[in-house]
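The exercises below concern a ligand site and the aromatic groups of a protein model. Work through each task with the coordinates open, and compare your reasoning with the solution that follows.

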Amino acid sequence: MSSLSGKVQTVLGLVDPDQLGRTMTHEHLTMTFECCYFPPAPRDEAVAADPFHMRHLHWLRQNPYSCRQNLLLQQETAAVRDELLAYRKAGGGAIVENTTAGLDRDLPTLRQLAKDTGVHIVAGAGYYVDCTHSEDTKRMSVEQLTDVIVAEVLHGADGTDVRCGVIGEIGTGWPITASETRVLRAAAHAQAQLGCPLIIHPGRDPAAPAAVLRILQEAGADIGKTVMSHLDRTIFDEAALLEFAQMGSYLEYDLFGTEMLNYPYDLKVDMPSDSQRVQTLAFLMKEGYEDRVVIAHDIHTKNRLTKFGGHGYSHILNSIVPKMLNRGVSQQQVDKILVDNPKRWLTFK
Ligand SMILES: CC(=O)NCCS(=O)(=O)O
């Protein structure tokens, strides 16, 4: 049994799991998403160069990845601080900050935000998707990658003494690359050593989540202590969702607040509305998965902050929870989704 056993590791140190309260399991507070810039249509180039005006709000919400400035969330720390204070007022207690290597993780800023706001912040260890892996990362063996991830949890990451409390989001695309497979195996080995929570960003294909879990399983991961993110843009068919759910990971719906007609990374995808997300949660409750569901907003662009007319980090607490209750999800189930499931997942074995 390690000294972390029975505790949650935040950027300010170990805490008792009961201290977390309502927890968003997938957010970003400071990061860059430049790796996923998607050039605008030629007719939109002028708007994309300067979109932060009321008259462009609709365009920005529909095309968040086509404006370079919008991808620099790390420029908005003061606004994020205000948002976290509002999140606490709305009844929020904790946030899992999923920024890993490749997205400009900034642990000193996370520590300062936790001090300034009183929100418990859990930071992520490991690597994002292949296109962000450095040449060094691509050359590393599974054992070397495992050592890095373990050190990020036990000693601190990026040359700081700020320790990560979760592995991930570990990024994968579709098909899964050789480098991503090595990182997945390393994440599994590190999780097996540490007994810690793990969270995955799957590729954009309905087969991707199960393919990732199979790699993790073979490498000795604890699937019951693993969150599969972004299911709202990945698995649409109910039978396929139930088949995936049987593999035993946590099921994460984490794009609350994102409503767009054309999802640029895969035009075949119809991005669901928040109402459809709530319907899916109600379906999973009916099917008996109340102990396996977690939710969040995955804020990763500026336009989603209230400063820029977005929904902010309190949207779920202020607007989605009432909708869930109105659609047949019980208060006890809401509490499981927001408090009990994140707490169980985040507690080291
Ligand atoms: C930061 C991040 O990876 N967000 C997910 C965006 S996606 O469009 O759902 O892949």
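**Exercise 1: Polar contacts of the ligand**

In this predicted model, the side chain of His201 has an N or O atom 3.2 Å from an oxygen atom of the ligand. Take that pair as the starting point, and work out which distances Arg204 and Asp298 give to the ligand.

Solution. The pair at His201, at 3.2 Å, falls within the 3.5 Å cut-off for a polar contact. For Arg204, an N or O atom of the side chain is found 2.8 Å from an oxygen atom of the ligand. For Asp298, the partner on the ligand is a nitrogen atom, and the distance from the polar side-chain atom is 2.8 Å. As to cover, the ligand on its own has 310 Å² of accessible area, of which the protein covers 99%.

**Exercise 2: The ligand's surroundings**

Describe where the ligand sits and what kinds of residue surround it.

Solution. Begin with the location, which is the largest cavity. Next, sort the shell by class, which gives 5 nonpolar, 4 polar and 4 charged residues. Finally, of the 13 residues around the ligand, those that come nearest are Tyr128, Arg204, Arg233, Tyr263 and Asp298.

**Exercise 3: Aromatic rings**

How many aromatic pairs does the structure hold, and which charged ends or residues lie over the rings of Tyr37 and Tyr250?

Solution. The count of aromatic pairs is 6. One aromatic cluster is formed by Phe33, Phe38, Tyr65, Tyr128, Tyr263 and Tyr265. Over the ring of Tyr37 sits the charged end of Arg68, 3.7 Å from the ring centre, while Arg292 lies over the face of Tyr250 at 3.9 Å from the centre of that ring.

Conventions
Residues numbered from 1 in each chain as written. Predicted model: local features only at pLDDT ≥ 70, side-chain atom pairs only at ≥ 80, totals over all residues. Heavy atoms only, no water. Near = heavy atom within 4 Å. Polar contact = N/O pair within 3.5 Å; in protein donor to acceptor, adjacent residues only side chain to side chain. Areas by Shrake-Rupley, 256 points an atom, 1.4 Å probe, with all protein chains shown as cover. 1 Å grid on protein atoms, 1.4 Å probe; cavity = no way out; pocket = protein on both sides within 12 Å on 5 of 7 lines; lining within 4 Å. Sits in = over half its atoms within 2 Å of the grid points. Nonpolar A, V, L, I, M, F, W, Y, C, P; charged D, E, K, R; others polar. Phe/Tyr/Trp six-rings, centres within 6.5 Å; stacked < 30°, edge-to-face > 60°. Lys NZ or Arg CZ within 6 Å of the ring centre and 35° of its normal.
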